[in-house]
Amino acid sequence: MSLVVLAVDDEPPALDELAYLLNADGRVAHVHRAGDATEALRVLRDTEVDAVFLDIRMPGLDGMELARILRRFAQPPAIVFVTAYDDGAVDAFDLGVTDYVRKPVRAERLGESLRRVAGLRSVPPPPPDEPAIPVELAGTTRMLPRSSVRWVEAQGDYARLHTGDASHLVRVSLATLAERWANAGFVRIHRSYLVQLRLVTELRLTGSGYVVAVNGVELPVSRRHTRELKDRLIRAAKHDWTR
């Protein structure tokens, strides 16, 4: 499978290294290069590429802004962020990026990104309301589909995402996720917990207050969130009855 890719970085040594590593991979047929977002858009105006490997912090139009423009293309290329920083991971939630690679870039790690890009050519892209979340796993950043998250636990300035069989710590506050994921069915039940409403199987009163059962785990519900949670559960149940 031959891929045509675009490497974008405002630092010439970093761009040279990225282009070299991409060219060295047998899945890549051609690497276009751009020193900033404006030049990248000129390349994309005349050339169809499978993926854009994109630095985030650049002068003028930065990588995040360019990625938002690319997402509006009729046939957007896959986007892989290549950056020395991890503070862009939060905004990457909403962009549905294919991968998030941290510098210094290793050939093996870049190869994993190219494997994902190649896989997208035979698999329909996720819908725009189903972003993927960059998470760290054994030193590698992987993209976790939001639909796999059952509940979220606050841990200081971080949040721990709980799936069916694992958990992942990400640098984003619970308040931020509660705001961004409200339209996806996630509900705040406590200052420390956010749950996917459709996965709540029980709301029960105990000696110390209400708890909900999610994925076989009981989580506390604070008094201030109890009424809203009850109302949301009742509305969801009525909707199911009358469909």
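**Sheet, helix α2 and Ser222 in a predicted model**

Ser222 sits in the loop between β15 (217-220) and α7 (223-242). Helices (H or I, at least four residues) and strands (E, at least two) are DSSP runs, numbered from the N terminus. This is a predicted model: local features need pLDDT of at least 70, side-chain atom pairs count only at pLDDT 80 or more, and totals for chains, interfaces and linings use all residues. Residues are numbered from 1 along each chain as its sequence is written, and side-chain values use heavy atoms, leaving out hydrogens and water.

Me: Is Ser222 buried or exposed?
Reply: Buried means under 20% relative accessible area, exposed over 50%, partly exposed in between (1.4 Å probe, protein chains only). Ser222 has a relative accessible area of 16%. Ser222 is therefore buried.

Me: Which residues does Ser222 touch, not counting residues up to four places away in sequence?
Reply: Contact means heavy atoms within 4.5 Å. With residues up to four places away in sequence left out, Ser222 touches Ile189 and His190.

Me: What is the order of the open sheet of five strands?
Reply: Two strands pair if DSSP finds at least two bridges between them. In this sheet the pairing is parallel. β2 (28-34) and β5 (99-102) are the edge strands, each pairing on one side only. The order is β2-β1-β3-β4-β5.

Me: Which residue in β3 stands opposite Val8?
Reply: Strands β1 (residues 3-8) and β3 (residues 51-54) run parallel, joined by four bridges. Opposite Val8 in β3 stands Leu54.

Me: At about what angle does helix α5 run to β5?
Reply: Axes are lines fitted to C-alpha atoms, for helices over the stretch in contact, and angles run from 0 to 180 degrees between N-to-C directions. Helix α5 (residues 107-120) lies across β1, β2, β3, β4 (78-83) and β5. Its angle to β5 is about 165°.

Me: Why are the buried residues on the same side of α2?
Reply: In helix α2 (residues 37-46), the buried residues are Ala37, Ala40, Val43 and Leu44. The arc is that of the directions from the helix axis to the C-beta atoms. They are on the same side of α2 because they cover an arc of only 115°.

Me: Which residues are exposed on the other side of α2?
Reply: The buried residues of α2 have cover that includes β1, β2, β3 and α3 (63-71). On the other side, the exposed residues are Arg45 and Asp46.

Me: Which residue caps the N-terminal end of α2?
Reply: The backbone nitrogen of Thr38 lies 3.2 Å from a side-chain oxygen of the capping residue. That residue is Asp36.

Methods:
Polar contact = N/O pair within 3.5 Å; in protein donor to acceptor, adjacent residues only side chain to side chain.
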